[in-house]
Amino acid sequence: MMETVEQLVSFQHVHVQLNGGAPWGFTLKGGLEHGEPLIITKIEEGGKAAQCKKLRVGDELVNINGSALYGSRQEALILIKGSYRVLKIVVRRYADIHIC
């Protein structure tokens, strides 16, 4: 008899507001252009993203200033660059749950 391990993936949405203007202090990787989700890969030490203490490396960017993202890195960069004093983002954070 084989044992099976089912994996359920749960996630939460984290809402973040960064104030004061660019640079915002995080780096994005991936996007539709690369066949990957849009992921935060770096948070600059001492930067605005680090100071808010809400963002983590590995978070997936899903919304910028109220605009839902469809995975395009180019689209995300345009929205981020268009943010003058305030950047409101929503990230999806995954937590793996293993059931044996």
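**A walk through the structure, starting at Tyr94**

Tyr94 is partly exposed, with a relative accessible area of 43%. That value falls between the 20% limit for buried and the 50% limit for exposed, so the label is "partly exposed". Keep in mind that this is a predicted model. Tyr94 belongs to strand β6, which covers residues 86-99.

Now look around Tyr94. Together with Val9 and Phe11, Tyr94 forms a nonpolar patch on the surface. The accessible area of these three residues together is about 300 Å². Phe11 is also partly exposed, at a relative accessible area of 44%.

The structure has 1 aromatic pair. The partners are Phe11 and Tyr94: their ring centres are 5.6 Å apart and their planes meet at 65°, so the pair is edge-to-face. The cut-off behind that name is an angle over 60 degrees. Phe11 sits in strand β1 (residues 6-19) and Tyr94 in strand β6, so the pair ties together parts that are 83 residues apart in sequence.

Phe11 has another partner. The charged end of Arg92 sits over the ring of Phe11, 5.0 Å from the ring centre. A similar arrangement involves Tyr84: Arg85 lies over the face of that ring, at 5.8 Å from its centre.

Step back to the whole chain. The protein has 100 residues, and 32% of them are buried. There are 2 helices and 6 strands. Along the sequence, they follow the order β-β-β-α-β-β-α-β. The accessible surface comes to about 6800 Å², and carbon and sulfur atoms account for 54% of that area.

How do parts of the chain that are apart in sequence meet? Take contacts between residues at least 6 apart in sequence: 63% of these join residues at least 24 apart.

Ile80 gives a view of a buried position. Ile80 is found in helix α2, residues 73-81. Its relative accessible area is 11%, so Ile80 counts as buried, the limit being under 20%. Which residues does Ile80 touch, leaving out those up to four places away in sequence? They are Trp24, Phe26, Leu28, Leu61, Ile64 and Leu87. Pro23 is 57 residues from Ile80 along the chain, yet the C-alpha atoms of the two are separated by 9.9 Å.

Next come the charges. A search of the whole structure finds 4 salt bridges. One of them joins Arg93 to Asp59, with the closest N and O atoms 2.8 Å apart. Arg93 lies in strand β6 and Asp59 in the loop between α1 (48-52) and β4 (60-64), so this bridge ties together parts that are 34 residues apart in sequence. Both Arg93 and Asp59 are buried.

Another salt bridge brings Glu60 and Arg92 together, at 3.7 Å from N to O. This pair links distant parts of the chain, with Glu60 in strand β4, Arg92 in strand β6, and their positions 32 residues apart. Glu60 is buried, with a relative accessible area of 13%. Arg92 is the residue whose charged end sits over the ring of Phe11.

Is the bridge between Glu44 and Lys42 made by buried or exposed residues? Neither word fits. Glu44 is partly exposed at 33% relative accessibility, and Lys42 is partly exposed at 44%. Their closest N and O atoms are 3.9 Å apart. The cut-off for a salt bridge is within 4 Å, so the pair counts.

Key
Residues numbered from 1 in each chain as written. Predicted model: local features only at pLDDT ≥ 70, side-chain atom pairs only at ≥ 80, totals over all residues. Heavy atoms only, no water. Helix = DSSP H or I, 4+ residues; strand = E, 2+ residues; numbered from the N terminus. Buried < 20%, exposed > 50% of the residue type's maximum accessible area, 1.4 Å probe, protein only. Contact = heavy atoms within 4.5 Å. Areas by Shrake-Rupley, 256 points an atom, 1.4 Å probe, with all protein chains shown as cover. Patch = residues over 30% accessible without salt bridge, like charges linked within 9 Å, V, L, I, M, F, W, Y side chains within 5 Å. Salt bridge = Lys/Arg side-chain N within 4 Å of Asp/Glu carboxyl O. Phe/Tyr/Trp six-rings, centres within 6.5 Å; stacked < 30°, edge-to-face > 60°. Lys NZ or Arg CZ within 6 Å of the ring centre and 35° of its normal.
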